[in-house]
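Trainee: I've got a model open and I'd like to learn how to read it. Could we go through a few features together?

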Amino acid sequence: MTTRALNPFTDIAPEVQEALDAGRPVVALESTIITHGMPYPDNSRMAADVEAIIIAEGAVPATIAIVDGRLKIGLSGEEREALAQVKGAMKLSRADLAFALAEGRTGGTTVAATMLAAHLAGIKVFATGGIGGVHKGAEQSFDISADLEELGRTPVIVVSAGAKAILDIEKTLEVLETKGVPVVVHGSDVLPAFWSREAIFNGTPLKAPLRLDTAEAIAKFQAARDAIGVVGGMLIANPIPEASEIPAGIMSGYISEAITRATKNGVTGKAVTPYLLAEMLDITKGTSLKANIALVENNARLAAKIAVALSALR
């Protein structure tokens, strides 16, 4: 089978298109975690393992990226490996996605861009590591991720380990509430914070806005939203497995050090998140990378189960 062009810029991989046509479950995957989130070869191994987990759970993985000016909905093994090694890839969100297409560039798609592309292709579920949100000090910098805007308008279920712990999680929750985005914590009464199972504010764990314990319950919730015409995304906050977490009390010190380094070096805008993640790798002596991989795999497993449950409701 050949790759199908959805529009003049977009190619859907044959196995993804076949699954969509047959109503079988598909899970979208972002690619900034490959291009900007982890060093090579860890990024390559992680991407392959995550796709394998989704397949094992009965769904079809669709890693999304821009390759030489083509929006790829699903990558071959060769394309995924090449992306893991590319130098100078763009970090693409809604604002510059079409720019990369028009200019023939290569880049990783953020949560916002991946949601947009997944919806374009008809994919309902997307697994990532953590979402972007309100950065610390945003009252001065106005640094707020486009991920929050996308969650407010694009009907895709995003399975994450919560907002990245380097962010102001309480303000991120407030923005999501304003935009009408349901935040559902899977199997816990406490909001997770990426590497940690608990998000702490003023010494107290942040309460889960909503809690559901199974993929089937999440699928039923989405079906009810569809039935009454609610538009926009849903955020699933899936706590990192306990054996792999770095407790919030320990992480807070590491994060403060990373932010201090970013401020000292004048890092701003889109460069902040990948810079902080790289610094965390150095500060934690690799522990943050192991936790990152564990939480991404955990999210992929849950996302596949949700996609299977949604498919069963049709």
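**Reading one residue, one sheet, one helix pair**

Mentor: Sure, let's start with Thr 172, which is found in helix H9, residues 169-178. Keep in mind that this is a predicted model.

Trainee: Does Thr 172 count as buried or exposed?

Mentor: Buried means under 20% relative accessible area. Thr 172 has 2% relative accessibility, so it counts as buried.

Trainee: Which residues is Thr 172 in contact with, leaving aside its neighbours within four places in sequence?

Mentor: Those are Gly 133, Val 134, Leu 148, Ala 163 and Leu 167.

Trainee: Now strands. How many bridges join E10 to E14?

Mentor: For pairing, look for bridges and then for direction. Strand E10 (residues 183-186) is joined to strand E14 (residues 234-237) by three bridges, and the two run parallel. E10 also pairs with strand E13 (residues 210-212), in the parallel sense over three bridges. Try finding Val 184: its bridge partner in E14 is Ile 236, and its bridge partner in E13 is Leu 210.

Trainee: And helices? At what angle do the axes of H10 and H13 cross?

Mentor: Roughly 55°, with the axes of H10 (residues 215-227) and H13 (residues 287-313) coming within 8 Å. That angle makes H10 oblique to H13. The crossing in which H10 passes H13 is right-handed.

Trainee: Which residues meet there?

Mentor: On the H10 side, they include Ala 215, Ile 218 and Ala 219; on the H13 side, they include Leu 302, Ile 306 and Leu 310. The residues of this contact divide into nine nonpolar, one polar and three charged.

Note on methods. Residues numbered from 1 in each chain as written. Predicted model: local features only at pLDDT ≥ 70, side-chain atom pairs only at ≥ 80, totals over all residues. Heavy atoms only, no water. Axes fitted to C-alpha atoms, helices over the stretch in contact; angles between N-to-C directions. Helix = DSSP H or I, 4+ residues; strand = E, 2+ residues; numbered from the N terminus. Parallel < 35°, antiparallel > 145°, perpendicular 65-115°, else oblique. Left-handed = near helix turned anticlockwise from the far one by under 90°. Contact = heavy atoms within 4.5 Å. Nonpolar A, V, L, I, M, F, W, Y, C, P; charged D, E, K, R; others polar. Pairing = 2+ DSSP bridges. Buried < 20%, exposed > 50% of the residue type's maximum accessible area, 1.4 Å probe, protein only.
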